[in-house]
Amino acid sequence: MLLGRPWGKCSAGRCAVLLVLALLLDALGLVLLLLGIFAALDYWDFFVYSGSLILALSLLFWITWYSLNIELPLEKLDL
């Protein structure tokens, strides 16, 4: 058991929209970053900087998705 759940059960959690958005931003940021690094363009720096910023924004969605999926029983909150 992992945190009160049986093994083998896999789901996207309660905030699947945030997960999908984080994955899409990861893919877009990585494509732009690699395009800026490997393509022979005069404006390569735009792709490198925008890809890096999109990856940083994606990290915020990952942190939000993870934080909203933490399950804690009310007994452990000590309210």
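**Figure 1. Close-up of S58 in helix 2.** S58 belongs to helix 2, which covers residues 44-68 of this predicted model. With a relative accessibility of 1%, S58 is classed as buried, because buried residues are those under 20% relative accessible area. The side chain of S58 forms a polar contact of 2.4 Å with the side chain of D26. When residues up to four places away in sequence are set aside, S58 touches A22, L25 and D26. D26 therefore appears both as a polar partner of S58 and among its contacts, which are defined by heavy atoms within 4.5 Å.

**Figure 2. Close-up of N69 in the segment after helix 2.** N69 is located in the segment that follows helix 2. The relative accessible area of N69 is 18%, and the residue is buried. From N69, the side chain reaches the backbone oxygen of W65 at 3.0 Å. Apart from neighbours within four places in sequence, the residues in contact with N69 are A12, G13, R14 and C15.

**Figure 3. Close-up of V17 in helix 1, with W65.** V17 is placed in helix 1. This residue is exposed, its relative accessible area being 68%; the class follows because exposed residues are those over 50%. Along the chain, V17 and W65 are 48 residues apart, and their C-alpha atoms are separated by 8.8 Å. W65 also supplies the backbone oxygen that the side chain of N69 reaches at 3.0 Å.

**Figure 4. Close-up of L23 in helix 1, with L55.** L23 forms part of helix 1, which comprises residues 16-38. A relative accessible area of 45% makes L23 partly exposed, because that class lies between the buried limit of 20% and the exposed limit of 50%. A separation of 9.9 Å is found between the C-alpha atoms of L23 and L55, residues that stand 32 positions apart along the chain.

**Figure 5. Overview of the chain for the preceding views.** The chain contains 2 helices and 0 strands. It has 79 residues, of which 22% count as buried. Considering contacts between residues at least 6 apart in sequence, 64% join residues at least 24 apart. The exposed area of the chain is about 6,500 Å², and 74% of this area is supplied by carbon and sulfur atoms.

Conventions
Residues numbered from 1 in each chain as written. Predicted model: local features only at pLDDT ≥ 70, side-chain atom pairs only at ≥ 80, totals over all residues. Heavy atoms only, no water. Helix = DSSP H or I, 4+ residues; strand = E, 2+ residues; numbered from the N terminus. Buried < 20%, exposed > 50% of the residue type's maximum accessible area, 1.4 Å probe, protein only. Polar contact = N/O pair within 3.5 Å; in protein donor to acceptor, adjacent residues only side chain to side chain. Areas by Shrake-Rupley, 256 points an atom, 1.4 Å probe, with all protein chains shown as cover.
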